[in-house]
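Please open the model in a viewer and keep the selection tool at hand. The tour below proceeds from one selection to the next and states what is found at each stop.

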Amino acid sequence: TFRRKTMAAAGQFKDELIATCKAISAPGKGILAADESTGTIGKRFAAINLENNQDNRRAYRELLFTTTQKWEDHISGVILFEETLFDESSSGKPMVDLIKERGVIPGIKTDKGVAPIPGTDGETFTQGLDGLAARCKKYYDKGARFCKWRAVLKIGNGCPSDLSIHENAHGLAAYGAI
């Protein structure tokens, strides 16, 4: 009954959702997380003295998606950062099309980072539920077919606290409902 209720909620996307789940969980394949934020990729670039600008980020990601290596034999899906989902290659082709041409399914990081939970020992909750439904429609229209959402729990020294578990579970449930 749980599966039936869950799939009923998927509505018009039911068949596509099932096909996507089967494809990204194909035996022997994994999901490539290419969703580094501007700040995170900037740290990678700083290590090689490369300026963190949109042209360099595009060139880096284009290199990943256009290499002659047969990465699609091992990767079933790619999680993208929002900038990349809407970006184009140097030839003007959408980045998402470079991925789809390999038979790989594009996905998107949908959360907006974490923030501290007041009164805890540095525990966090995930932000980004505001406006998520509209963003998801935009992401779907651009070609994303699955999403990533984080729930970061601190483990050890009395953590996670009941409050952290509750806040993160609530966030995951709200995310799942969208």
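Select Glu16 and Arg145 first: their side chains form a salt bridge in this predicted model, with the closest N and O atoms 2.6 Å apart. The bridge connects distant parts of the chain, since Glu16 belongs to helix 2 (residues 14–24) and Arg145 to the loop between helix 7 and strand 6 (146–148), 129 residues apart. Glu16 is partly exposed, at a relative accessible area of 27%. Arg145 likewise counts as partly exposed, at 27% relative accessibility.

Keep Arg145 selected and add Tyr140. The charged end of Arg145 sits over the ring of Tyr140, at 3.7 Å from the ring centre. Arg145 therefore takes part both in the salt bridge with Glu16 and in this placement over an aromatic ring.

**Lys148, Asp35 and Lys109**

Next, select Lys148 and Asp35, which form a salt bridge whose closest N and O atoms are 2.6 Å apart. Here too, distant parts of the chain are linked: Lys148 is in strand 6, while Asp35 is in the loop between strand 1 (30–34) and helix 3, 113 residues apart. Is Asp35 buried or exposed? Asp35 is buried, because its relative accessible area is 8% and the limit for burial is under 20%. Lys148, with a relative accessible area of 23%, is partly exposed.

Extend the selection to Lys109, in strand 3 (residues 105–109). Leaving aside neighbours within four places in sequence, Lys109 is in contact with Asp35 and Lys148, and also with Ile79, Leu80 and Arg150. Lys109 is buried, with a relative accessible area of 14%. The side chain of Lys109 reaches the backbone oxygen of Asp111 at 3.4 Å.

**Further salt bridges**

Select Lys154 and Asp121, whose side chains meet in a salt bridge of 3.5 Å, N to O. Lys154 lies in the loop between strand 6 and helix 8 (162–177), and Asp121 in the loop between strand 4 (114–116) and strand 5 (124–126); the two are 33 residues apart and the pair links distant parts of the chain. Both ends are partly exposed: Lys154 has a relative accessible area of 34%, and Asp121 has 47% relative accessibility.

Then select Glu36, Arg44, Arg57, Arg61 and Glu83 together; these residues are linked in a network of salt bridges. How many salt bridges does a search of the whole structure find? The search finds 17.

**Asp87, a charge without a salt bridge**

Move to Asp87, in the loop between helix 5 and helix 6. Asp87 is buried yet has no salt bridge. The nearest side chain of opposite charge is that of Arg58, 4.1 Å away; a salt bridge requires nitrogen and carboxyl oxygen within 4 Å, so this pair is not counted as one. Add Gln54 to the selection: a polar contact of 2.7 Å joins its side chain to that of Asp87. To complete the surroundings, display Arg58, Pro94 and Met95, which Asp87 touches along with Gln54, not counting residues up to four places away in sequence.

**Aromatic pairs**

The final stops concern rings. Five aromatic pairs are counted, one of them formed by Phe45 and Tyr60. Select these two: the arrangement is edge-to-face, with 5.8 Å centre to centre and 85° between the planes. Phe45 is in helix 3 (residues 38–47) and Tyr60 in helix 4 (residues 54–66), so the pair ties together parts 15 residues apart in sequence. Phe45 counts as buried at 3% relative accessibility, whereas Tyr60 counts as partly exposed at 27%.

Finally, select Phe86 and Tyr139. Their ring centres are 6.4 Å apart and their planes stand at 50°, so the pair is tilted. Phe86 lies in the loop between helix 5 (82–85) and helix 6 (95–100), and Tyr139 in helix 7 (residues 132–142), so this pair ties together parts that are 53 residues apart in sequence. Phe86 counts as partly exposed at 34% relative accessibility, while Tyr139 is buried, with a relative accessible area of 2%.

Key
Residues numbered from 1 in each chain as written. Predicted model: local features only at pLDDT ≥ 70, side-chain atom pairs only at ≥ 80, totals over all residues. Heavy atoms only, no water. Phe/Tyr/Trp six-rings, centres within 6.5 Å; stacked < 30°, edge-to-face > 60°. Helix = DSSP H or I, 4+ residues; strand = E, 2+ residues; numbered from the N terminus. Buried < 20%, exposed > 50% of the residue type's maximum accessible area, 1.4 Å probe, protein only. Lys NZ or Arg CZ within 6 Å of the ring centre and 35° of its normal. Lys, Arg positive; Asp, Glu negative; His and termini not counted. Polar contact = N/O pair within 3.5 Å; in protein donor to acceptor, adjacent residues only side chain to side chain. Contact = heavy atoms within 4.5 Å.
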